[in-house]
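Here are my notes on the model you sent round. Have it open while you read, as the points go from the overall layout down to single side chains.

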Amino acid sequence: MATISDIIEEFILSALADDDLLQLSRNDLATFFSCAPSQINYVLSTRFTPEKGFIIESKRGGGGCINLIRITDDKENVLKSIYNYLCEEGTLEYNKLLHILERLEKDGIIDNKESELLKITMSDKALANPVNITARLRAQMLKEIVLNLSKRS
């Protein structure tokens, strides 16, 4: 059974369709779904993140107007944005790795088999280190992979 968050996410994705920009009103969405505006914030902040290929711009006033922008770049820019994200963060939790791999797969940069292998080799169990070391190690590993992916023809 789908949660309200799943339903809101699907609604936003279908409204976005093939466009790269969607203007939303947080209050209108909350009214439509009979939920609190904070529920809309939650969906946007957890399901439409940069590692998933989205940027959210909020405008003050006007019922919480939000621009949802899909990052659509060529392979080189996608890899560059992921690499920059990893350099900024310095660590990579497993759930964020899954989002990045999903984006790489969706953009056709890696295939499903490569994604599955990366999930296995970068899991907490495979790395078997204390959590803070594991997240740093995972980020470093993915940075090296992204650098090598950018060298593919």
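The points below start with the whole chain and then take up the sheet, the helix contacts and a few residues.

1. First, the general picture. This is a predicted model, so read everything here in that light. The protein has 153 residues, of which 37% are buried. Its C-alpha atoms fill a box of roughly 45 × 35 × 30 Å along the principal axes.

2. On secondary structure, I get 8 helices and 3 strands. Going from the N terminus, the order of elements is α-β-α-α-β-β-α-α-α-α-α. Among contacts with a separation of 6 or more, 57% are between residues 24 or more positions apart.

3. Now the sheet. The 3 strands make an open sheet with antiparallel pairing, and the order across it is β1-β3-β2. At the edges sit β1 (21-25) and β2 (54-58), each paired on one side only. From one strand to the next, the twist averages 20°.

4. What packs on this sheet? Helix α2 (residues 26-33) does, and it touches β1, β2 and β3. The direction of α2 makes about 70° with that of β1.

5. A closer look at one strand pair: β2 and β3 (residues 65-70) run antiparallel and are joined by 5 bridges. If you want one spot to check, try Phe54, whose bridge partner in β3 is Arg70.

6. Helix α2 also has a helix neighbour. It packs with α3 (residues 37-47) at an angle of about 110°, and the two axes are 8 Å apart. Angles of 65 to 115 degrees count as roughly perpendicular, so α2 and α3 fall in that class. On the α2 side the contact involves Arg26, Asn27, Leu29 and Ala30, which meet Pro37, Ile40 and Asn41 of α3. By class, that gives 4 nonpolar, 2 polar and 1 charged residues.

7. How do α4 and α5 cross? The axes of α4 (residues 75-89) and α5 come within 11 Å and cross at roughly 170°, which makes the two helices roughly antiparallel. From α4, the contact uses Val78, Leu79, Ser81, Ile82, Tyr85 and Leu86; from α5, it uses Lys96, Ile100, Arg103 and Leu104. The class count for this contact is 7 nonpolar, 1 polar and 2 charged residues.

8. Helix α5 (residues 94-106) also holds His99. Is His99 buried or exposed? Its relative accessibility is 19%, and buried means under 20%, so His99 counts as buried. Leaving aside residues up to four places away in sequence, His99 touches Glu51 and Lys52.

9. Last, the aromatics. There are 4 aromatic pairs. In one of them, the ring centres of Phe48 and Phe54 are 5.0 Å apart and the planes stand at 75°, so this pair is edge-to-face. Both residues count as buried: Phe48 has a relative accessibility of 2%, and Phe54 has 5%. Phe54 is worth a second look, since the bridge to Arg70 of β3 is made by this residue too. Elsewhere, ring pairs link Phe11, Phe32 and Phe33 into a cluster.

Terms used
Residues numbered from 1 in each chain as written. Predicted model: local features only at pLDDT ≥ 70, side-chain atom pairs only at ≥ 80, totals over all residues. Heavy atoms only, no water. Pairing = 2+ DSSP bridges. Helix = DSSP H or I, 4+ residues; strand = E, 2+ residues; numbered from the N terminus. Axes fitted to C-alpha atoms, helices over the stretch in contact; angles between N-to-C directions. Contact = heavy atoms within 4.5 Å. Parallel < 35°, antiparallel > 145°, perpendicular 65-115°, else oblique. Nonpolar A, V, L, I, M, F, W, Y, C, P; charged D, E, K, R; others polar. Buried < 20%, exposed > 50% of the residue type's maximum accessible area, 1.4 Å probe, protein only. Phe/Tyr/Trp six-rings, centres within 6.5 Å; stacked < 30°, edge-to-face > 60°.
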